[in-house]
Amino acid sequence: MMRQYELVERVQKYKPDANEALLNKAYVYAMQKHGQQKRASGDPYISHPLEVAAILTDMHLDESTIAVALLHDTIEDTTATRAEIDELFGEDIGRLVEGLTKLKKLDLVTKKAKQAENLRKLLLAISDDVRVLLVKLADRLHNMRTLEHMTQEKRARISEETMEIYAPLAGRMGMQDMRDELEDLSFRYMNPEAYETVTERLAELSRRNEGLIKKIEDELRDLLIANGLPNPSVKGRQKKPYSVFRKMQSKSLSFEQLSDVYGFRVLVDDVPACYRALGVVHTRWRVVPGRFKDYISTPKQNDYRSIHTTIVGPSRQRIELQIRTRRMHEVAEFGIAAHTLYKDGETGGEGEQQPRESNAYSWLRHTIEALAEGDNPEEFLEHTKLELFQDQVFCFTPKGKLIALPRGATPIDFAYAVHTNIGDTTVGAKINGRIMPLVTRLSNGDEVEIIRSGVQVPPAAWEEIVVTGKARAAIRRATRMAIRKQYSGLGHRILERTFERAGKVFSREILRPALHRLSQREVEDAIAAVGRGELSSLDVLRAVYPDYQDERVTVKQSSDDGWFNMRSASGMIFKIPQKAAVEMGAEGSEVLPIRGLNGNAEVHFGPNGAVPGDRIVGILEDDQRITIYPIQASILQRFDDEPDRWIDVRWDLDEANKSRFVARIMINALNEPGTLATVAQTIAHLDINIRLMNMVRVATDFTEMAIDLEVWDLRQLNQLLAQLKELDSISTVRRIYD
C-alpha cells in the first residue's frame, strides 16, 4: 500500500510546486474515515482510494484532483459529510466528491429507459467538471483490476457496464491506453473461454518470436538516426487479447490469418520530423495499400494526432507503425487529462499553443445539448452509444468543409451531419463526381455532393441504413411527422363526417378551447389522435359541444321474419339481416359493442371480420350499407379521396354481455402427421372456436391453412398467434385483414 510520503513524491515529480499540505490532509482524513473497513479481497479499504490516486498521478493530474481521488468514497461509505469536506478542503473539492458519490449509485446495465436516465446523469455530472470523469474512470479501472474478488453475477454486470459505457467513454476522451485496459479486463470476465484461448495463442506467438520486437525496434531506430533524425524513440508491443479478438470477429479471420499482431510507436521531436520519419520508413520498406491514415493533418475529434501506416518491415513481418511527436504521444496516452485545460499557460511542445478547451470536451458538451433534443430516453441512449463507439472517416463537401463520420457511414449520414434539413430532403448523392447509391459506405477523403428534392420525405427504411445517432433520430422524427400528417388527414375526414351527422360544422378553430378536455397540447395532435384511433371523434364532439348525446346501438331479434331490429339510443330503429347481425357478434337480444352508428342502414363486417381491440372504421357503401373494417385493411385505401363515406365507429365493450367475433389467420405448416392436431389443440386450449378451415398444399413439404376463428378480443387472438409461432411444425403464421 502506498505511503503518505510516496504519494507526495509522485505528484512533486511532475509538479514541484504542488500543495503538499492539501495532499497530506486528504491522505490522513481518508485514512481516519475508512478506518478498519475492508474490501471484498480482505485488503484495507483505504488501499482502493490510494490506488485510484496513483492511477491519476500517472496522468500527471493536479493535487486537487488527487485529493478528490483520496476522498471520493468518504461521503458514500463513511460518516463524512459534504459540509465537513467543504470546511476542510473547500467547496470545489466538496462539489466533486459529492458528484462522484451520486455516480456510484448509478446502475448503467438495466432496462433501457432507466439506463438512459442514469447515463444522462453521468454525462451531466462530468460535463460540469471533467475531473469528475477522470476520477470516475480511475475508480472503475482499479475496480476492474480487482474484480476477481466479486461474485460471478457482479463480475458479469460490472464488466458489461464497463464495456458498454466506461471504456468507450475513455476512448472518446482520448484516453486510449485506459480504454484498452478496461476493454481487456471486461473481455476477461464477459467471455472467459475466448479470452483464455486468445491469450494462450498470443503467448505461444510471443515465445516463437522471442526477441523479434527488440530486433525490429533496434533496426527502426538505427535507420531513423542514420537518416538524420535525432533522438527517435521506438517502442514495440504485442496487441492486447481483446483487440485481437475484436479484429478476428469484425473481419471473420482466424488467429493464423492475422498479420499485424505487432504495433510500434515512433516518437520524434516535432511535426516536420514525423513526415521525415514516414518518408524514411516508406522508402526502406514496402507499404501495405489502404492502411495509411494521417491524423496529424486531420486530427480525430478526441484530439488524437498521429500518422498510421502498415509496412512489411524487418524479417518480412507485417507491422503497424504510429509516428507522432512526444507531445502528441502524451495526449494519445492521457487524452483530455493531458490537455492544457488543467496545465495553464503550457504550450503544445511543438511551437503550437493548445486550444483552451479540447475537442473531446467540446464533444461532451455537444452531447449534453442533445439531451434536450431527444424525443425519448432510449433514443438519447442509442445516439450516445453510437457516438461513443465510432471510429472515424473524414469526407468533404464540394466547398471543402471537412465532415467527420463513423466508419461505415453512408451519404445519408453525411447529409444529416451537414444539416438536418439537407438529410430530410436527400434523394441521391455524388461521391467523387459519380452518382452512387445512398447505401454506399464512405471512405476517407471522399468528396460528397448531396442531391436534394423539396418533396422528399425520408423513408423509414433509412433508419436501418444509417450509422449515426443524429441521422437515426432525425429519420424517426421525420417519419413520425409524416405518419402524423397521414393520420391527421384521416382524422380530419372522420371529424368532418361526425360533426356533419350531428348537424355541426367542424373546423380546427373550434377545437382550441376544448384541447384541455381532450388532454392534447395542439389541434393537430388531437386530429391525428382521432386518425390513429386513440381518440374517438364522438369524444371530440362532446368536448366541443358538451350537451351532445352520442348513439349507442342495441340489437334485438325480430320474432317472425328472421331480421334484427337495431335501436339507437335516440330511439331510431333500422333492420339488418340475421346473417349480418351474427357476423357482428349479435346473437339473440344482445348489445352490439360499437359506438357511432346512426340511421336506417344495414351493417356488417368485412369478409375477414374485426375483433374488439382493433381500431375500426365504418365505410358507407353505394347501396347505403355500412361495412366495418379494421384500420389495417388495405381496402380502405380505395376510399382515401372519399371522406364522406368514412364513419367513425368504436368498440364499446360490455363485460356482462360478451360475444365472440370472427378473425381469419393464415398458417404455413410442415406437411407431416400430427400438425393439424397440434394446431387444433393449441386453438382449443385458449378457448377459441374454429368456424371454418381451408387447407391447400403449396409445396411437397408445406401446407397452407386459412382458418376463420371466433375469439373474444384482440388480446386472445394475439396470444394464439404467439403460441402458434412457437410450434416447431409452423413455418409462418399471420392474421389476414383482406
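Here are a few friendly notes on one sheet, its helices and the cysteines of this predicted model.

1. Let's start with the sheet. Four strands form an open sheet in the order 22-23-21-24, and their pairing is antiparallel. The edges are taken by strand 22 (689–697) and strand 24 (730–736); each has a single partner strand, so one side of each lacks a neighbour in the sheet. On average, neighbouring strands here are turned by 20° against each other, direction ignored.

2. If you would like to look at one pairing in detail, try strand 22 with strand 23 (residues 702–711). These two run in the antiparallel sense and are joined over eight bridges. For a handle on the register, Leu-692 has Asp-708 of strand 23 as its bridge partner.

3. Next, the helices on this sheet. Helix 28 (residues 714–725) packs on the sheet and touches strand 21, strand 23 and strand 24. The direction of helix 28 makes about 160° with that of strand 24. Helix 27 (residues 675–685) lies across strand 21 (661–670), strand 22, strand 23 and strand 24. Relative to strand 23, helix 27 runs at about 20°.

4. Finally, the cysteines. Which are buried, and how many disulfides does the whole structure hold? Cys-274 has 0% relative accessibility, and because buried means under 20%, Cys-274 counts as buried. Cys-395 is buried too, with a relative accessible area of 0%. A search of the whole structure turns up zero disulfides.

Terms used. Residues numbered from 1 in each chain as written. Predicted model: local features only at pLDDT ≥ 70, side-chain atom pairs only at ≥ 80, totals over all residues. Heavy atoms only, no water. Pairing = 2+ DSSP bridges. Axes fitted to C-alpha atoms, helices over the stretch in contact; angles between N-to-C directions. Contact = heavy atoms within 4.5 Å. Disulfide = S-S within 2.5 Å. Buried < 20%, exposed > 50% of the residue type's maximum accessible area, 1.4 Å probe, protein only.
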